[in-house]
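Colleague: I have a new structure open and would like to learn how to read it. Could you walk me through it, feature by feature?

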Amino acid sequence: MSEVQELTVPVVALARDNDQFRRVLWTGENAQLVLMAIPEGGEIGGEVHEGHDQLLYFVEGTGVAKIGDVEAAVAAGDVSIVPSGTFHNFRNTGSGMLKLFTTYSPPEHDAGTEQSTKAEADAG
């Protein structure tokens, strides 16, 4: 599926309907909107984005956010803020998928990226 062309979208509904690990929804020059779905017991995987701020908006499920040295529970309605250069990981600790949408500024992934699973994302 290609990126959306509309400039107003029902992002919460799109995130809830998404079952792909990562789906880039829209890419601009200075920001990017991405849908994510983390399976039960899964995680995004520890990482650091140099030069990219990231905001993660949770719409379904429960999990644990580790940002720097701090861990916090996350659930629908929560937002996690990851400043550039900060280690972070997000784990699904609930039953069912942990679903979210995230923004990167500037963009982090190639436009149109779709990865069904974390293994696919890690492979390339």
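What follows is a talk through the fold, the strands, the aromatic rings and one peptide bond.

Modeller: Happy to. Keep in mind that this is a predicted model.

Colleague: Let's start with the overall picture. How many helices and strands does the protein have?

Modeller: There are 2 helices and 9 strands. Reading from the N terminus, the order is α-β-β-β-β-β-β-β-β-β-α. The radius of gyration is 13 Å, close to the 14 Å that the globule rule gives for 124 residues, so the protein is as compact as a globular protein of that length. If you look along the principal axes, the C-alpha trace spans about 35 × 30 × 30 Å.

Colleague: And what share of the residues is buried?

Modeller: Buried residues are 40% of the 124. The accessible surface comes to about 6,300 Å², and 52% of that belongs to carbon and sulfur atoms. For a feel of how the chain folds back on itself, take the contacts between residues at least 6 apart in sequence: 67% of them join residues at least 24 apart.

Colleague: On to the strands, then. What holds neighbours in a sheet together?

Modeller: In general, strands of a sheet pair through backbone hydrogen bonds, and the pairing is either parallel or antiparallel. Here, one open sheet has 3 strands in the order S5-S4-S7, paired antiparallel. S5 (70–75) and S7 (88–92) stand at the edges with a single partner strand each, so one side of each has no neighbour in the sheet. On average, neighbouring strands of this sheet are turned by 20° against each other, ignoring direction.

Colleague: Over how many bridges does S4 pair with S5, and over how many with S7?

Modeller: S4 (residues 62–67) pairs with S5 over 6 bridges, and with S7 over 5 bridges. To find the register on screen, look for lysine 66, whose bridge partner in S5 is glutamate 71. For the S7 side, glycine 63 has asparagine 92 as its bridge partner. S7 may be an edge strand, but 4 of its 5 residues are buried.

Colleague: How do I read which way side chains point from a strand? Let's use S2.

Modeller: In a regular strand the side chains alternate between the two faces of the sheet. In S2, Gln32, Val34, Met36 and Ile38 point one way, while Leu33, Leu35 and Ala37 point the other way. Both sets are buried. S2 (residues 32–38) has 7 of its 7 residues buried, so this strand is largely enclosed by the rest of the structure.

Colleague: Which strands pair with S2?

Modeller: S1 (residues 22–27) pairs with S2 in the antiparallel sense over 5 bridges, and a hairpin joins the two through 4 residues. Arginine 23 has leucine 35 as its bridge partner there. S8 also pairs with S2, antiparallel over 7 bridges, and leucine 33 stands opposite threonine 103 in S8.

Colleague: Now the aromatic rings. What describes a pair of them?

Modeller: Two things: the distance of the centres and the angle of the planes. This model has 2 aromatic pairs. Tyrosine 57 and phenylalanine 101 are stacked, 4.7 Å centre to centre with 15° between the planes. They link distant parts of the chain, with tyrosine 57 in S3 (residues 53–60) and phenylalanine 101 in S8 (residues 98–105), 44 residues apart.

Colleague: Is tyrosine 57 buried or partly exposed?

Modeller: Tyrosine 57 has a relative accessible area of 24%, so it counts as partly exposed. Its partner, phenylalanine 101, is at 12% and so is buried. The other pair, phenylalanine 58 with phenylalanine 90, is tilted: 5.9 Å centre to centre, 45° between the planes. That pair also links distant parts of the chain, from S3 to S7, 32 residues apart. Phenylalanine 58 and phenylalanine 90 are both buried.

Colleague: One last thing, the peptide bonds. What should I look for?

Modeller: Most peptide bonds are trans. A cis one joins serine 105 and proline 106, with omega about -5°. You'll find proline 106 in the loop between S8 and S9 (114–115).

Notes:
Residues numbered from 1 in each chain as written. Predicted model: local features only at pLDDT ≥ 70, side-chain atom pairs only at ≥ 80, totals over all residues. Heavy atoms only, no water. Pairing = 2+ DSSP bridges. Axes fitted to C-alpha atoms, helices over the stretch in contact; angles between N-to-C directions. Phe/Tyr/Trp six-rings, centres within 6.5 Å; stacked < 30°, edge-to-face > 60°. Buried < 20%, exposed > 50% of the residue type's maximum accessible area, 1.4 Å probe, protein only. Rg over C-alpha atoms; globule rule 2.2 N^0.38 Å. Contact = heavy atoms within 4.5 Å. Areas by Shrake-Rupley, 256 points an atom, 1.4 Å probe, with all protein chains shown as cover.
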